[in-house]
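Dear colleague,

I am handing over the structure we spoke about, and my notes on it follow below. Please read them with the model open beside you.

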Amino acid sequence: SEVVWHLNEDGSMTVRDKTGDIQTKQNFGDVQLHIEWRSPSEIQGEGQSRGNSGVFLNNLYEVQVLDNNDNDTYVNGQVASIYKQHIPLAKASVPSGEWNSYDIIYHAPEFNEKGEKIRSGTMTVLHNGVLVQNHTRINGTTPYIGFPEVVEHGDGPIKLQDHGDPSEAISFRNIWI
């Protein structure tokens, strides 16, 4: 199959534009995830078409990656939002082309034997060391269009999104769980 990521000279990796998302082979439930990412220093586009990617937990719940520097977009789609659900408590991005970090503490939702949700999932997110989501309740899936849906699930992969916007791809490094 076609290689969808590129190893950069500095040891980071870049999802090759328009080749699709990449995800872990292993499935995870509750995790603490550290990931570093950067948008290109020569950035193009505006709004959601500018350095856009996402970190998906359980392949369902997105923490938005976006170059929001001098780039307004809808509030629940900005960098460090739980996409389309919760805006971040603060903006903590570094300049375009420099490395950002996310530290995400994720507690997966729980379902009973009938598939009914009995406990909502939560996320705590630190963006460059700044608390931006504080034990925030996840309402359901994080779709681009529509409302969150509660979908019964178990453990799932962690996915990095290839948004396919006009700017060069986002780079990632130092990913650990």
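Tyr106 is buried in this predicted model, because its relative accessible area is 1%, under the 20% that marks the limit for a buried residue. Tyr61 is buried as well, with a relative accessible area of 3%. A search of the whole structure finds two aromatic pairs, and Tyr61 and Tyr106 form one of them, with 6.2 Å from centre to centre and 40 degrees between the planes, so that the pair is classed as tilted. The pair links distant parts of the chain, since Tyr61 belongs to strand β6 and Tyr106 to strand β7, and the two are 45 residues apart.

Tyr106 also leads into the interior, being among the residues with the most contacts inside the largest nonpolar core, a set of 27 residues in which Val55, Leu57, Tyr102, Ile104 and Met123 are listed alongside Tyr106. At least two residues of this core come from each of the strands β4 (31-38), β5 (53-57), β6 (61-65), β7 (100-107) and β10 (122-127), and β4 gives the most, with four residues. Ile104 shows how these parts of the chain meet: leaving aside residues up to four places away in sequence, Ile104 touches Val31, Gln32, Leu33, Val55, Leu57, Val63, Met123, Thr124 and Val125.

Two further places may be worth finding on the screen. Lys159 lies over the face of Phe56, at 4.4 Å from the ring centre. Ser171 is found in strand β13, which covers residues 171-176, and Ser171 counts as buried because its relative accessibility is 6%. Ser171 and Gly51 are 120 residues apart in sequence, yet their C-alpha atoms are 9.9 Å apart in space.

As for the chain as a whole, the protein has 13 strands and zero helices, so that the pattern read along the sequence is one strand after another. Of its 177 residues, 49% are buried, and the accessible surface comes to about 9000 Å², of which 49% belongs to carbon and sulfur atoms. Among the contacts with a separation of 6 or more, 65% are between residues 24 or more positions apart; the pair of Tyr61 and Tyr106, 45 residues apart, also links distant parts of the chain.

With kind regards

Terms used. Residues numbered from 1 in each chain as written. Predicted model: local features only at pLDDT ≥ 70, side-chain atom pairs only at ≥ 80, totals over all residues. Heavy atoms only, no water. Buried < 20%, exposed > 50% of the residue type's maximum accessible area, 1.4 Å probe, protein only. Contact = heavy atoms within 4.5 Å. Areas by Shrake-Rupley, 256 points an atom, 1.4 Å probe, with all protein chains shown as cover. Core = buried A, V, L, I, M, F, W, Y, C linked by side-chain atoms within 4.5 Å. Phe/Tyr/Trp six-rings, centres within 6.5 Å; stacked < 30°, edge-to-face > 60°. Lys NZ or Arg CZ within 6 Å of the ring centre and 35° of its normal.
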